[in-house]
Each structure stands twice: as structure tokens, then as C-alpha cells.
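Trainee: I have this model open on my screen and would like to look closely at a single part of it. Could you walk me through one helix and its surroundings?

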Amino acid sequence: MAGRRIYASELVDEAYSGEENPLTEREKEVLGLIADGKNTKEIASQLFITTGTVRNYISVILDKLGVSNRIEAITRFKEKGWFK
């Protein structure tokens, strides 16, 4: 390649997106479970937390992502390429 470097387009997009994932690891975990189709009670049981705590996490997630519901949160998170 004449001494040139080749970079994956995904890496270039990520490097220039300028936007970092605003969610904590736990919030990402909750959103991942929502994306898997789990309801609040199932998430609470799996993470050993109360349903109220799950609802609090969901409220924070929606606020941080600037969306109004779970579906929009999942969509925004995927669009940004933050699901790994």
C-alpha cells in the first residue's frame, strides 16, 4: 500500500464523532436488559435491586439520552454505536 495506513471506517467514525457515551456501566447494563425485552421486575430480579431503583435508572437513562421512552433510548444508543 505504498507505506500508507489503512483504518477501519468504524474507527474513523468513532474517533470523529466527538460524542462520548454518557451512561455509567450500570445504566448500560439496565439499557441492555431493556433491549433484551426484560421488564422492570425481571431487570430488578436479575440485578438484585428493587423495581424502584430500576425505574430510577430508566429515568436517568432517558434524561441523559434526551429521549422520552425506552424504545427511543435503545434506538439512540444503537445509532451512536454505543452498544458493544
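Mentor: Happy to; here is a walk around helix α2 and the parts that meet it, after a quick look at the whole.

Please keep in mind that this is a predicted model. The protein has five helices and zero strands, so reading along the sequence gives the pattern α-α-α-α-α. Of its 84 residues, 25% count as buried. The protein exposes about 6200 Å², and carbon and sulfur atoms supply 50% of that area. If you take the contacts between residues at least 6 apart in sequence, 50% of them join residues at least 24 apart.

Now to the helix itself. Helix α2 covers residues 25-35, and its buried residues are E27, V30, L31, G32, L33 and I34. What lies over them? The cover includes α3, α4 (51-65) and α5 (70-79).

E27 deserves a pause, as a charged residue on that buried list. Its relative accessibility is 6%, and E27 counts as buried because the cut-off is under 20%. Beyond its neighbours within four places in sequence, E27 is in contact with P22, Y57, V60, I61 and K64. Of these, Y57, V60, I61 and K64 fall within the 51-65 span of α4.

Next, the partner that follows along the chain. After α2 comes G37, which has a positive phi, near 95 degrees. Helix α3 then takes up residues 40-47. A pair of packed helices is described by the angle between the axes and the distance between them. For α2 and α3, the axes come within 10 Å and cross at roughly 130 degrees. That angle is why α2 is called oblique to α3. The crossing of α2 past α3 is right-handed. Which residues make the contact? From α2 there are R26, E29, V30, L33 and I34, and they meet I43, Q46 and L47 of α3. Sorted by class, this contact holds five nonpolar residues, one polar residue and two charged residues. V30, L33 and I34 appear in this contact and also among the buried residues of α2.

Helix α3 has a further partner in α4. Their axes come within 8 Å, with a crossing of roughly 110 degrees, and the two helices are therefore roughly perpendicular to each other. Here T40, K41, I43 and A44 of α3 meet T51, V54, R55 and I58 of α4. The residues in this contact divide into four nonpolar, two polar and two charged. Notice I43, which takes part in the contact with α2 as well as the contact with α4.

Finally, look at R70, which lies in helix α5 and brings us back to where we started. Is R70 buried, partly exposed or exposed? With a relative accessible area of 29%, R70 is partly exposed. Its C-alpha atom is separated by 8.4 Å from that of A35, although the two residues are 35 apart along the chain. Leaving out neighbours within four places in sequence, R70 is in contact with I34, K38, T40, I58 and L62. I34 is one of the buried residues of α2, while T40 and I58 both belong to the contact between α3 and α4. On your screen, R70 is a handy place from which to find these helices again, with contacts to I34, T40 and I58 among its list.

Note on methods
Residues are numbered from 1 along each chain as its sequence is written. This is a predicted model: local features need pLDDT of at least 70, side-chain atom pairs count only at pLDDT 80 or more; totals for chains, interfaces and linings use all residues. Side-chain values use heavy atoms; hydrogens and water are left out. Helices (H or I, at least four residues) and strands (E, at least two) are DSSP runs, numbered from the N terminus. Buried means under 20% relative accessible area, exposed over 50%, partly exposed in between (1.4 Å probe, protein chains only). Contact means heavy atoms within 4.5 Å. Accessible areas come from the Shrake-Rupley method with a 1.4 Å probe; for residues, only the protein chains shown count as cover. Axes are lines fitted to C-alpha atoms, for helices over the stretch in contact, and angles run from 0 to 180 degrees between N-to-C directions. Angles under 35 degrees count as roughly parallel, over 145 as roughly antiparallel, 65 to 115 as roughly perpendicular and the rest as oblique. A crossing is left-handed if the near helix is turned anticlockwise from the far one by less than a right angle, and right-handed if clockwise.
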